[in-house]
Amino acid sequence: MVVYPEFRGRGASGIDTAARLEEAQGLALAIGLVVSDAIAIPIREARAGTLFGEGQIRNIDLACIQGEAELVIVDGALTAIQQRNLEDKLKRKVIDRTGLILEIFGERAATAEGRLQVELAHLDYQAGRLVRSWTHLERQRGGFGFLGGPGETQIEADRRMIRDRMARLRRELDQVRRTRGLHRSRREKAPWPVIALVGYTNAGKSTLFNRLTGAGVMAEDLLFATLDPTMRRIRLPGVDKAILSDTVGFISDLPTQLVAAFRATLEEVTAADVIVHVRDVANSDTQAQKRQVLDVLAELGLLGEEGGAPTIPIVEAWNKWDLLDAERAADLRQQIAAHPDELVVPLSALTGEGCGALLETVGKLLTQGARLHSFVLPASDGQRIAWLHAHGDVVEDGEAGNDERGPLRRLQVRLEPRELGRFARL
């Protein structure tokens, strides 16, 4: 049973009630739960002990009986006391939105780094909820010797163990962060531009990633289908080699524990040369989802002062165009035409429509600093001539007479400064 506490007078992250219930059901389905029903409970003022009023709790209990529900998911934040009291009154297991997302992340984390991040977030979440695990808080571990003191209570011992484990995980994640930093600095030395895909969960990032790179990243109609960042080589117009990065999806009310734990992963976005913001334009709440993504990017310091101009160029990929009816598609095309200064590309990652235009747009962004250079090379120097064709935009390639080295060729090539530096070292 999914229950959404709808606080009157303040919307939840700009997403309407129906969409929020649908999203909560999607989260439950993501870990194989069968949702018997999803209901919204209007709340004027939260109760400190139970969040809901007595009459509302009876209604939830009745809905659970009718739907034969064994688990209640509250699509909001619950304190440890509220969770325990609701379980006592409903006689069922109760988890909140944070607990549900942590369960999904725990099931999906595939790499050692992902598992470290999820475990740290789990421990941070559980540290304040140990009171629910122990009903015998008078139980103590004795001190040393015959006349030793009472020792520490069991809950204190558990908290100490959690603190120690969290400290160890943070040290390991710091090592991961340093390793990622080394990888980034190595990529900067071999100057291949990085393009990061970001977006709301289930917007189609992994499907687009697979379409552009031919990779086999898990891509399903599920929330948080992908957790661990994946990188693949990609070719763009005017750019022989670039790196495309697929990142974890964002979501409204993402638990603060997860934002902190996954910071090492999200830092990959800050090192990108171009950000591609994948949006699900077939979703009625696409604008609210966009705001959630921009909020996370702002947290990472990528939107300048007070949400100003982005520090890294952002291209919006309006995905799932194939799901739009003709009228909606026409409206969106008018929006794109009305703002020609914005970088927007309509596409369908599923069918491939518009993907070429996206690559062209990103390629132009990456090569906009390129300048035209003239080179005269021996026709026999096939290696350097081939390099210029592979790494630059060759405008002209023709004969240039002869000298002691034999026939010469003149090439007019548009190159970026870093590519020019690499050519000089050949």
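A residue is termed buried when its relative accessible area is under 20%. By this criterion, both Trp387 and Phe423 are buried in the present model, which is a predicted one. The same cut-off applied to the whole chain of 426 residues places 47% of them in the buried class.

The secondary structure of the chain amounts to 14 helices and 13 strands. Among contacts with a sequence separation of 6 or more, 67% involve residues 24 or more positions apart. The exposed surface of the chain is about 21,400 Å², of which carbon and sulfur atoms contribute 50%.

An open sheet is formed by 6 strands in the order S6-S7-S5-S8-S9-S10, with mixed pairing. The edges are occupied by strand S6 (230–236) and strand S10 (344–346); each has a single partner strand, so one side of each lacks a neighbour in the sheet. From one strand to the next, the twist averages 25 degrees. Within this sheet, strand S5 (residues 194–199) pairs with strand S7 (residues 239–246) in the parallel sense over 4 bridges, and Val194 stands opposite Ile243 in S7.

Two helices were examined for their packing on the sheet. Helix H7 (residues 205–213) touches S5, S6, S7 and strand S8 (274–280), and its direction makes about 155 degrees with that of S7. Helix H10 (residues 286–299) likewise packs on the sheet, where it touches S5, S8 and strand S9 (314–319); the direction of H10 makes about 150 degrees with that of S8.

Pro193 is located in the loop between helix H6 (154–189) and S5. With a relative accessible area of 3%, Pro193 falls under the 20% cut-off and is therefore buried. The C-alpha atoms of Pro193 and Leu244 are 8.7 Å apart in space, although the two residues are 51 residues apart in sequence.

Aromatic contacts were considered next. The structure holds 2 aromatic pairs. In one of them, Trp387 and Phe423 adopt a tilted arrangement, with 5.8 Å from centre to centre and 40 degrees between the planes. Trp387 belongs to helix H13 (residues 382–391) and Phe423 to helix H14 (residues 417–424), so the pair ties together parts that are 36 residues apart in sequence. Phe375 joins Trp387 and Phe423 in one aromatic cluster.

Key. Residues numbered from 1 in each chain as written. Predicted model: local features only at pLDDT ≥ 70, side-chain atom pairs only at ≥ 80, totals over all residues. Heavy atoms only, no water. Pairing = 2+ DSSP bridges. Axes fitted to C-alpha atoms, helices over the stretch in contact; angles between N-to-C directions. Contact = heavy atoms within 4.5 Å. Buried < 20%, exposed > 50% of the residue type's maximum accessible area, 1.4 Å probe, protein only. Phe/Tyr/Trp six-rings, centres within 6.5 Å; stacked < 30°, edge-to-face > 60°. Areas by Shrake-Rupley, 256 points an atom, 1.4 Å probe, with all protein chains shown as cover.
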